[in-house]
Amino acid sequence: MTTPSADAVIREIAALGPFFAVRVHPAGTEPPRPWQPLTRPLLEARVTGVRNRLAAQGSQRADAVETRVAASVAHLALASRLMSPALAAAVLHGSLLAPTLAELRGQSVPEGPLPLSVPDDALTACPDALPAQLADALSRRLLDGAVCELADAMAAFAVSRHILWGNTASALNGAATMVTAFRPDLAARTRTLVALLLDRPPLRGTGTVADGAFRRRSCCLVYRAAPDGRGALCGDCALSRALRRVGAPRPVTRVRPDAT
């Protein structure tokens with residue numbers, strides 16, 4: 001079997017949606033502006049943009065939304081940008097897409113998924129790798145690499161690690177849902193790989209899967225952005241089950257990270 005080129009893999013991944021799309025730049029080179037490193041200035045701009053939009057949705061001042069709430073919601077979207085193409089590359093082609101955070105470049109856009117560019121040597125073909133081997137490689141090189149580095153950076157906005165890793169698990173599950181929606185034939189392979197990743201550090205203990213449904217053991221805090229602090233919860237939130245159990249009237253909806 002012929003191994004597809006890196007360009008072909010990237011194109012097929014991008015067809016799954018904006019959270020999967022990445023561009024490629026030559027390794028060791030710096031793409032031109034407006035591309036920039038995923039460092040504090042870009043992250044601060046992202047958090048500020050999310051805070052402003054959350055405030056506008058509640059018809060309130062930006063300072064009424066806690067910085068940590070905006071940072072958590074921003075992190076969920078950023079984690080989705082890292083996890084989605086990596087999962088798709090692994091499931092569709094048995095390839096490992098695992099750049100470091102320092103190698104990634106993004107653009108400061110007002111809203112929507114962050115444009116992302118990766119070096120052309122960040123994709124490694126592993127056509128004969130078993131799911132467990134891919135999970136080990138993704139856990140070691142991506143989760144312990146760029147994803148952990150992103151969590152370190154976002155923790156500076158007073159977001160707890162418990163929430164940040166819960167966001168990452170939620171992002172992984174969201175990516176799996178999108179992959180299986182577009183490629184039902186890969187549903188079993190996708191869910192197997194996700195289960196293996198959730199069973200490995202650092203995602204072990206961040207959520208549970210029952211009857212095919214994922215539920216995280218933390219909350220991204222977006223409900224706190226509502227004027228009374230009682231906004232809608234994400235469908236996989238740890239709080240939604242507890243609130244239904246005590247009969248609280250709060251609505252439960254899935255908050256899409258692309259709203260950020």
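**Figure 1. The E7–E8 hairpin of the predicted model.** Strands E7 and E8 form a hairpin, with two residues between them. One turn residue, Asp 211, has a positive phi of about 55 degrees. The pairing of E7 with E8 (residues 213–216) is antiparallel and runs over four bridges. Across the hairpin, Ala 213 in E8 stands opposite Ala 210.

**Figure 2. The loop between H6 and E7, centred on Arg 200.** Helix H6 covers 187–198 and strand E7 covers 207–210; Arg 200 is found in the loop between them. Arg 200 is buried, at a relative accessible area of 16%. That value counts as buried because the cut-off is under 20%. The side chain of Arg 200 makes a polar contact of 2.6 Å with the side chain of Asp 136. Setting aside neighbours within four places in sequence, the contacts of Arg 200 are Ala 132, Ala 135, Asp 136 and Ser 139. Why might several of these contacts lie on one side of a helix, given 3.6 residues a turn? In an α-helix, residues three or four places apart point the same way.

**Figure 3. A cis peptide bond in the loop between H6 and E7.** Pro 201 and Pro 202 are joined by a cis peptide bond, with omega at about 5 degrees. Pro 202 lies in the loop between H6 and E7. Arg 200 is found in that loop too.

**Figure 4. The open sheet of four strands.** The strand order is E1-E5-E4-E2, and the pairing is mixed. Strands E1 (23–25) and E2 (36–37) stand at the edges, each with a single partner strand, so one side of each has no neighbour in the sheet. E1 pairs with E5 (residues 116–119) in the parallel sense, over three bridges. His 25 has Pro 119 in E5 as its bridge partner.

**Figure 5. The cis peptide bond between Arg 33 and Pro 34.** Omega for this bond is about 20 degrees. Pro 34 sits in the loop between E1 and E2.

**Figure 6. Helix H2 and its cover.** H2 has 18 residues (residues 40–57). At 1.5 Å a residue the helix should span 26 Å, and its end C-alpha atoms are 26 Å apart, which agrees. The buried residues of H2 are Leu 42, Leu 43, Arg 46, Val 47, Gly 49, Val 50, Arg 53, Leu 54 and Ala 55. Two arginines, Arg 46 and Arg 53, are in that list. The cover over the buried residues includes E2, helix H3 (67–93), strand E4 (105–106) and helix H4 (131–155). Just after H2, Ser 59 takes a positive phi of about 50 degrees.

**Figure 7. Positive phi at Ala 158 and Leu 221.** Ala 158 is not a glycine, yet its phi is positive, at about 70 degrees. Ala 158 sits in the loop between H4 and helix H5 (161–182). Leu 221 is not a glycine either, and its positive phi is about 80 degrees. Leu 221 sits in the loop between E8 and H7. Which of the two is buried and which is exposed? Ala 158 is exposed, with a relative accessible area of 55%. Leu 221 is buried, at 8%.

**Figure 8. Ser 240 in helix H7.** H7 spans residues 238–245 and holds Ser 240. Ser 240 is buried, with a relative accessible area of 0%. Arg 215 is 25 residues away along the chain, yet the C-alpha atoms of Ser 240 and Arg 215 are separated by 9.4 Å.

Terms used:
Residues numbered from 1 in each chain as written. Heavy atoms only, no water. Pairing = 2+ DSSP bridges. Buried < 20%, exposed > 50% of the residue type's maximum accessible area, 1.4 Å probe, protein only. Polar contact = N/O pair within 3.5 Å; in protein donor to acceptor, adjacent residues only side chain to side chain. Contact = heavy atoms within 4.5 Å. Expected span 1.5 Å × (residues − 1).
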